[in-house]
Amino acid sequence: MKILGIETSCDETSVSVVKDGVEILSNIVSSQIQAHAGFGGVVPELAAREHLKNIHPVVEAALQEANCSVSDMEAIAVTNSPGLVPALLVGVSYAKGLAAASGLPVIGVNHFLAHVYGAFLDHSEQLLKAESYPILALVVSGGHTNLLLVEENGEAHIIGRTLDDAAGEAFDKAAKILNLGYPGGPVIDRLAKEGNPQAVHFPRALTGGGGRPEKKENRLNFSFSGVKTALLYHVKDREMSDQELKDTVSSYQEAVVDVLVLKAMRAAKHYKAGAVVMCGGVACNSRLRLKMKQAFNKIGREPVVAKPCYCTDNAAMVAGYGYHCLKQNRVDNLSLGVNARLPLDLGKAPFVPETLT
Ligand code: KG4
Ligand code: ZN
C-alpha cells in the first residue's frame, strides 16, 4: 500500500512515497534555509511563497524517484497541524487539489506525532511489542520541546513542555547572538566539538539547581529563555578569541543537552517507560545523541533515536504515519483545515497497533 506524503509546515518542502508504512521509496527534501538565513529565522509568508514554487516539482521528483504515478497511490497524507499557517496551507491545498483530481482520500497528519513515528521508521518492530509501552518520546525541534507518553491503548499525552523557548530556538537564538548564521543547531554542534563544555557555567533551568527549590509541577517542564539571556550577558562587551568562542558554544550546548537528558531520564523512570525515543531536528545534535545513549545505557537501556534524515522535517514520517491512519480508516475529506497549534487532546496515536504481541 503506497502513500504519498506531503510536508510544508515550516521551511522544508518535502514529498515522499512510502510503502506499507516503512519502506521508503523516495523522500525528497527541498530546504529553504538560504531564503530565510538573512532574517535569522523563518519568515512565514516567505516560506509559503517558497513552498508554492517548490511543491509541484518536488511532488514530481518524489514520484519519479519512486518510479510511480499518482494512480499507484492509496492515499495522500499531508501535514495539517501544527505549523506556520501560510506554509501549511500550501501543502494542504495542493493535497486537496490532487485528491479531487485523482479521487484519492486525503489524510491530515499531526506533524508532532509524525516526528515520533519518524523515530520508528527504522525500528518499526518495537511498535508491535507490548513491552515497548508506555513509549516515552522526547520531541525536540525548532517549534517544540515536549515529553510525550504514548500508552498501550494508543492514547498520547504531553507530560512535559517548554514554558518559553523550544530547544531548537535556544540554539538558533544563540547562533544569532554570536553571529553564527541560521539555523544555529548544526553550526553550534560543529563548533562545540572543538570547545570545552565545562569552560563557562550556564544555568540549567528547572532542575532544582541554583539553590532554588524546583516546583513539583515543573519536574518535567523545560525553560530555555534563561540560558539564552545568560549567554547574552556572557558575550556582552567581550572580545572573544576563536577558542573562547568555541568554549562558550560548547558550554552553552552542554547546558541545553544536560537538561534534556535529565528530564527524559526522570520521565522514563517515573512512568516506567518501555521504549524511550528521541526525535525532531535537535535530535540530530551529536552531543545530545551521545549523552542520551550514555545516560540510558547506564541503566541498561537503549534509546531509540531517529536517523538524522528522519529527525529534521521530512515527508517520509508523514507518509508512514498516513499509512497507519488509512489502515484504521482515519481519513479526512476536502474540508480538511489547518491549525497552527498542537491540540490539547492528542487523542490516539494511529501507529500503535490494535493488538500487541
Ligand atoms: O524538526 P525541525 O527540522 O523543524 C521543526 O519542526 O522545527 O527542527 C529544526 C531545528 C532548528 O532549530 C535547528 O537549529 C535544530 O532543529 N537542529 C539542531 C541540529 N540540527 C538541526 N540543533 C542542534 N544540533 C543539531 N545538529
Ligand atoms: Zn518538525
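Tutor: Before we start: donors here are N, O and S atoms within 2.8 Å of the metal. And keep in mind that this is a predicted model.

Student: Okay, so what spacing do the donors of the zinc ion (ligand 2) follow along the chain?

Tutor: They follow H-x3-H-x197-D.

Student: Which residues are those, and which atoms coordinate the zinc ion?

Tutor: His 111 and His 115 each use NE2, and Asp 313 uses OD, at 2.0 to 2.2 Å.

Student: Where do His 111 and His 115 lie?

Tutor: Both are in helix α4, which covers residues 111-119. They sit four residues apart, about one turn of the helix.

Student: Is His 111 buried or exposed?

Tutor: His 111 is buried, because its relative accessible area is 5% and the cut-off for buried is under 20%. His 115 counts as buried too, at 0%.

Student: What about the angles at the zinc site?

Tutor: They run from 93 to 144 degrees among four donor atoms, and the site is irregular. Tetrahedral would need all angles between 85 and 135 degrees.

Student: Switching topic: in what order do the strands of the open sheet come?

Tutor: The five strands go β3-β2-β1-β4-β5, with mixed pairing. β3 (23-31) and β5 (106-110) are the edge strands, each pairing on one side only.

Student: How do β4 and β5 pair?

Tutor: In the parallel sense, over five bridges. Ile 76 stands opposite Val 106 in β5.

Student: And where does α4 lie relative to the strands?

Tutor: α4 lies across β1, β4 and β5, and runs at about 80 degrees to β5.

Conventions. Residues are numbered from 1 along each chain as its sequence is written. Chains are lettered from A and ligands numbered from 1 in the order in which they are written. This is a predicted model: local features need pLDDT of at least 70, side-chain atom pairs count only at pLDDT 80 or more; totals for chains, interfaces and linings use all residues. Side-chain values use heavy atoms; hydrogens and water are left out. Donors are N, O and S atoms within 2.8 Å of the metal (3.2 Å for Na, K and Ca); water is not among the atoms, so sites may look incomplete. Four donors count as tetrahedral if all angles lie between 85 and 135 degrees; four count as square planar and six as octahedral if opposite donors are over 155 degrees apart and all others between 65 and 115; anything else is irregular. Helices (H or I, at least four residues) and strands (E, at least two) are DSSP runs, numbered from the N terminus. Buried means under 20% relative accessible area, exposed over 50%, partly exposed in between (1.4 Å probe, protein chains only). Two strands pair if DSSP finds at least two bridges between them. Contact means heavy atoms within 4.5 Å. Axes are lines fitted to C-alpha atoms, for helices over the stretch in contact, and angles run from 0 to 180 degrees between N-to-C directions.
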